[in-house]
Every structure is written in structure tokens, then in C-alpha cells.
Amino acid sequence: MAALQKSIDKRNALIQATIELVNNNGFHATPMSKIAKMANVSPATIYLYFDNKQDLVNKTYIEVKACYTAYAFETYDKTMPIEFGFKVIWKRIAEFKIKESANALFLAQCDNTPMIDEVSRKEGIKHLQPLLDLWARGKKEGIIKPLSDYLLYAYAINPLSFLMMAQNRGSIQLTQLELDQAYEAAWSSIKVCKQHE
């Protein structure tokens, strides 16, 4: 049992080292030797868990994405009304991006690199299914604009990454008021506007 725990600890150390080094240096300036050194394992040990750097990065991405979405949907119930359900998910995503900024920054970098292969991207998108289902229901009910999920995500969720990075740089300090305003902006960008008669 101790050997199994030691093996899990080594793998987790490699994942954490990958996240930290990629966040600080980028994908290309993060060689396997640096990852092994930071994880306090021999370079050969990496290959017991991962085929190569691409495999390590893809698996790290999927694990972090799974943690992110588990957190985002923890208090969501698919029977919630559309606007309330979206607010619950959005606020949890905002909370994750602020509390788990290293993981959130890693995901933001993954979204903007060709390093992540298409299979891993598709696996990552599957983790967002409850949000995509909510949007599909909202479109069907005429509450959410009939836009692609990519556009909805770009306008409603992606601005959180920008705000998180600005806060990490020390450019802003997000207050509750600003988070509430950011939510209102996100919701108004995807909801159907009713025309006054």
C-alpha cells in the first residue's frame, strides 16, 4: 500500500511541477528535465507515468479540466431555471479562477496553445457538458441567444480568465461589486433581449 501511495505522490508531483513550470516559463521553455527536478524524481521516472512531454501536458490538462468542472458544477442542479443555473455555474467558475489561480492560469494557457492535441481538447469539452446542456435548454426556451457554444463561452466565461490574469499581475483587485458587475455583463451578453412593445 505504501508503494502505491508513493507512486501516486510521484505522479501528482510531476503534474504540479508541470503546472508551475508552464505557468512561469511557457510550454516550450519547460523541458522534461526541469519537470523531473522540480518534482524531485529522476528524469527516467517520468516515463513510468507518461509516454512523452505531449502525453504529460495532455494528461495534466485533462486532470485540471476535470477538477475545474467538478468545482464549477458542484452546487448546480439541471432542474434549476436557466438564469439561476447559469449564475450558480458562473459564480463557481469565478471562485475557482480566483482560489485556484495556478490551475486556472494553466487552463488559460492550454486554451491558447497548439500543444494540447485535439483528442484531449474534446475530452476537456466533455467535462463542460452540464453548461452546454443548460445553454441548449436556454436556446430552446428562447432565453439564451441562438449562438454557437464557442461564442457563448467566449462572451460569458472567457472574460473571467482576463480578469484573473489582471488580478494575478496586480493590475486590479476584484471586489465583490466588480464580480457582480462581471456576472451581469456575462449574463446580458448571452440572454435574449426582449423588445419593448
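Helices here are DSSP runs of H or I with at least four residues, numbered from the N terminus. Asn23 lies in one of them, helix H1, residues 2-25.

Before going on, the basis. This is a predicted model, in which local features need pLDDT of at least 70, side-chain atom pairs count only at pLDDT 80 or more, and totals for chains, interfaces and linings use all residues. Residues are numbered from 1 along each chain as its sequence is written, and side-chain values use heavy atoms, with hydrogens and water left out.

Back to Asn23. Its relative accessible area is 17%, so Asn23 is buried; the term means under 20%, with exposed over 50% and partly exposed in between, for a 1.4 Å probe and protein chains only. What does the side chain of Asn23 reach? One partner is the backbone oxygen of Ala102, at 2.8 Å. Another is the backbone nitrogen of Phe106, at 3.2 Å. Polar contacts here are pairs of N or O atoms within 3.5 Å; within protein, one must be able to donate a hydrogen and the other to accept it, and residues adjacent in sequence count only if both atoms are side-chain atoms.

Next, the rings. Searching the whole structure gives 8 aromatic pairs. Rings of Phe, Tyr and Trp (its six-membered ring) pair if their centres lie within 6.5 Å; planes under 30 degrees apart are stacked, over 60 edge-to-face, and the rest tilted. Tyr49 and Phe50 have ring centres 6.5 Å apart and planes at 50°, so this pair is tilted. Phe50 has 1% relative accessibility and therefore counts as buried. Phe73 and Tyr76 also form a tilted pair, at 6.4 Å centre to centre and 55° between the planes. Phe73 is buried at 12%, and Tyr76 is buried at 14%. Ring pairs also join Phe86, Trp90, Tyr183 and Trp187 into a cluster.

Last, the pocket. The largest one has a volume of about 490 Å³. On a 1 Å grid over the protein atoms alone, a pocket is an open set of points with protein on both sides within 12 Å along at least five of seven lines, and lining residues have an atom within 4 Å of a point. Grid points are joined across faces, edges and corners, and the volume is the space filled by probe spheres set on the points. Which residues are closest to the centre of the largest pocket? Of the 18 that line it, they are Lys65, Asp111, Ile125, Tyr150 and Tyr153. Elements giving two or more residues to this lining include helix H4 (53-73) and helix H9 (149-156).

Definitions and conventions:
1 Å grid on protein atoms, 1.4 Å probe; cavity = no way out; pocket = protein on both sides within 12 Å on 5 of 7 lines; lining within 4 Å.
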